[in-house]
Amino acid sequence: MAAHRHRVTIYPTKIHLVATFFVMLLPFVFLIVFAGIAHLAVGTLFLELVASVSRLAVAYGIAVVLAWIGAISFYRGKLASVALPVFDVLQSFPTFAALPIATHLWGRSDTTVILFLIITVIWPIFFSILSNVRLMKHDWEESAEIVGLKGFDYLRLFVLPVSIPGLITGSIIGLGEGWEALVATEIIVRTNTGLGNFFQQYAQNTPITSFGILGLMVLIFSINKLIWIPLLDWSHRLLEE
Amino acid sequence: MDTIITLDSVTKTFREGRKLVTAVENISLEIARGEFFVFLGPSGSGKSTILRIMSGLEKSYHGAVRLAPEIDRNDISFVFQQFALWPWLTVYDNIGIGLVARHAPAPLIRERVGRELERFGLAKFARSFPRELSGGMRQRVGIARALATDPKIIFMDEAFSELDSFTAAALRRDILEIWNQTKPTIIMVSHLIPEALELADRIAVLTVHPGRLEKIVRNTLPRPRAKRSKEFFALEDHLYSLVSP
């Protein structure tokens with residue numbers, strides 16, 4: 001089976017693929033340029049960026065797993081009709097309001113930032129996957145039942161592919177909110193490392209902060225354009241009949 | 001009769017707003033091993049509902065469906081009206097999915113999928129995705145998927161109704177050939193009298209709202225059936241009078 005599965009091209013041309021790799025290098029290029037302008041040590045700035053990106057990556061990874069498990073557990077059935085309104089209320093909760101409590105409980109730590117980021121990132125991913133699997137064709141589900149797919153095979157070969165477009169769409173929205181929340185949380189929690197800490201340190205230096213914000217925007221835009229959008233196109237082709 | 005499946009007073013009701021609607025009422029019949037059996041009726045006769053009940057897709061109903069003791073769920077397959085192929089899998093993988101679900105060894109999967117690809121002229125399209133195929137080709141994949149597990153009972157829900165008449169005729173010929181070779185029990189739903197007459201050993205005619213069993217007509221016309229013969233037309237008229245009294 002494996003030899004034949006998912007032969008769907010994400011990157012239409014080799015140039016596209018090379019450009020994507022180039023985007024991966026952008027943070028480092030940006031760091032060197034930025035550090036040069038601000039007369040900062042590249043290593044220091046690199047560590048700030050790594051600290052922030054790792055927090056977001058860990059939070060995103062946990063959020064994806066929890067959102068996927070939640071969505072496939074509650075997409076149908078009696079439990080869903082009770083749980084979904086509860087989730088809807090929870091996602092409307094102003095998360096920043098919980099930040100003082102979280103800081104009180106876990107202090108100015110990575111745990112506080114990561115937990116806060118999970119709460120921010122998880123809902124768009126959860127609801128995107130949920131709407132995806134709720135709207136899947138009934139025939140597909142019935143054919144899965146007829147062929148006798150069960151347990152792990154059912155999740156791997158059926159539910160996972162069906163939920164991929166929702167996962168990608170939710171990730172784009174969730175990470176967009178995540179980037180925003182990341183810097184804000186780091187500033188509010190006053191972490192010792194991270195971009196938030198960096199921006200706070202140079203709050204009075206308008207050129208440096210403006211350049212930093214612009215650089216971050218370019219980076220996020222490029223990642224979106226060169227990684228997420230091709231993935232989104234691919235995921236939609238995956239379910240195209 | 002060597003019965004493979006028995007329906008005993010099967011009734012299915014469902015709620016539509018505040019109303020309770022009866023889709024099928026008190027259906028009792030027996031189908032023999034190796035028989036080609038067709039449920040015939042217009043829209044609203046509950047023929048697809050019966051098929052779904054018999055195949056286990058519909059679990060909430062009154063009455064009983066009994067399979068022969070040696071038959072289990074792995075012996076059943078289903079051909080869907082709208083193909084129900086998984087667009088994220090290739091033709092090869094769609095055909096082999098039932099075997100994968102049964103944890104069949106890789107050589108057996110290769111052999112069976114290869115057999116079905118050859119049988120339906122799909123070998124060149126093994127690595128294609130369903131969206132790259134015509135409707136007729138997709139239904140060939142749907143039938144190949146149903147046959148790859150060597151089922152003892154095949155349910156077919158208006159399997160040719162989404163296809164043009166030429167493709168449908170070709171697929172009917174393919175199905176008859178396979179049935180002649182391996183004699184699985186085929187239980188099919190159709191709203192087309194000539195199709196039912198071409199294929200079936202027996203035809204269960206259903207009434208509309210609710211779906212009740214009007215009559216079971218035995219089709220003794222010799223195979224291959226001459227669709228322009230006097231006997232064929234006579235039986236067609238008889239069925240027509242039963243379907244629309």
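**Exercise 1. The two domains of chain B**

Find how far apart the centres of domain 1 and domain 2 of chain B lie, and describe the side of domain 1 that touches domain 2.

*Solution.* Keep in mind that this is a predicted model.

Step 1. Taken over C-alpha atoms, the centres of domain 1 of chain B and domain 2 of chain B are separated by 25 Å.

Step 2. Now look at which residues belong where. Domain 1 of chain B is made of 1-71 + 154-245, while domain 2 of chain B covers 82-151.

Step 3. Turn to the contact between them. Domain 1 of chain B brings 8 residues, and these are in contact with 8 residues of domain 2 of chain B. On the side of domain 1 that touches domain 2, helix α5 (residues 165-182) of chain B gives the most, with 3 residues.

Step 4. Finish with the classes. The side of domain 1 of chain B that touches domain 2 of chain B has 6 nonpolar, 1 polar and 1 charged residues.

**Exercise 2. A pair of packed helices**

Describe how α2(B) and α3(B) cross: are they parallel or oblique to each other?

*Solution.* Two packed helices are described by the angle between their axes and the distance between the axes.

Step 1. The axes of α2(B) and helix α3 (residues 106-119) of chain B come within 9 Å. They cross at roughly 135 degrees.

Step 2. Classify the angle. Angles over 145 degrees would count as roughly antiparallel, and 65 to 115 as roughly perpendicular. The angle of roughly 135 degrees falls in neither range, so α2(B) and α3(B) are oblique to each other.

Step 3. Add the handedness: the crossing of α2(B) and α3(B) is right-handed.

Step 4. List who takes part. From α2(B) come Tyr92(B), Ile95(B), Gly96(B), Leu99(B) and Val100(B). Helix α3(B) adds Leu108(B), Ile109(B), Arg112(B), Val113(B), Glu116(B) and Leu117(B). By class, the residues of this contact of α2(B) with α3(B) are 8 nonpolar, 1 polar and 2 charged.

**Exercise 3. One alanine and its surroundings**

Work out whether Ala144(B) is buried or exposed, and name its contacts.

*Solution.* Step 1. Locate the residue: Ala144(B) sits in helix α4 (residues 135-147) of chain B.

Step 2. Count neighbours. A residue is buried if 20 or more other C-beta atoms lie within 10 Å of its own. Ala144(B) has 24 other C-beta atoms within 10 Å, so Ala144(B) is buried.

Step 3. Look for partners beyond four places in sequence. Ala144(B) is in contact with Ile95(B), Glu116(B), Phe120(B) and Leu122(B). Two of these names, Ile95(B) and Glu116(B), also belong to the contact of α2(B) with α3(B).

Step 4. Compare sequence with space. Leu117(B) and Ala144(B) are 27 residues apart in sequence, and their C-alpha atoms are 7.4 Å apart in space.

**Exercise 4. Backbone details worth a second look**

Compare Ser9(B) and Phe83(B): which is buried and which is exposed? Then find two cis peptide bonds in chain B.

*Solution.* Step 1. Begin with Ser9(B), in strand β1 (residues 3-16) of chain B. Although Ser9(B) is not a glycine, its phi is positive, about 50 degrees.

Step 2. Phe83(B), in the loop between β5 and α2 of chain B, is not a glycine either, and its phi is positive at about 70 degrees.

Step 3. Use the neighbour counts. Ser9(B) has 11 C-beta neighbours inside 10 Å and so counts as exposed. Phe83(B) has 25 and therefore counts as buried.

Step 4. Now the cis bonds. The peptide bond from His209(B) to Pro210(B) is cis, with omega near 0 degrees; Pro210(B) is in the loop between β8 (202-206) and β9 (213-218) of chain B. Another cis peptide bond joins Arg223(B) and Pro224(B), with omega about -10 degrees. Pro224(B) lies in the loop between β9 and α7 (230-243) of chain B.

**Exercise 5. Chain A and its partner**

Describe chain A, then say how many residues each chain gives to the contact of chain B with chain A.

*Solution.* Step 1. Chain A has 9 helices and 0 strands. Buried residues make up 31% of its 241 residues.

Step 2. For the contact, 25 residues come from chain B and 20 residues from chain A. On the chain B side, α2(B) supplies the largest share, 7 residues.

Step 3. That side of chain B divides into 13 nonpolar, 7 polar and 5 charged residues.

Definitions and conventions. Residues are numbered from 1 along each chain as its sequence is written. Chains are lettered from A and ligands numbered from 1 in the order in which they are written. This is a predicted model: local features need pLDDT of at least 70, side-chain atom pairs count only at pLDDT 80 or more; totals for chains, interfaces and linings use all residues. Helices (H or I, at least four residues) and strands (E, at least two) are DSSP runs, numbered from the N terminus. A residue is buried if 20 or more other C-beta atoms lie within 10 Å of its own, exposed if 12 or fewer, and partly exposed in between; C-beta atoms are placed from the backbone. Two residues are in contact if their C-beta atoms, placed from the backbone, lie within 7 Å. Ala, Val, Leu, Ile, Met, Phe, Trp, Tyr, Cys and Pro count as nonpolar, Asp, Glu, Lys and Arg as charged, and the others, Gly among them, as polar. Domain bounds come from an automatic or database domain assignment. Axes are lines fitted to C-alpha atoms, for helices over the stretch in contact, and angles run from 0 to 180 degrees between N-to-C directions. Angles under 35 degrees count as roughly parallel, over 145 as roughly antiparallel, 65 to 115 as roughly perpendicular and the rest as oblique. A crossing is left-handed if the near helix is turned anticlockwise from the far one by less than a right angle, and right-handed if clockwise.
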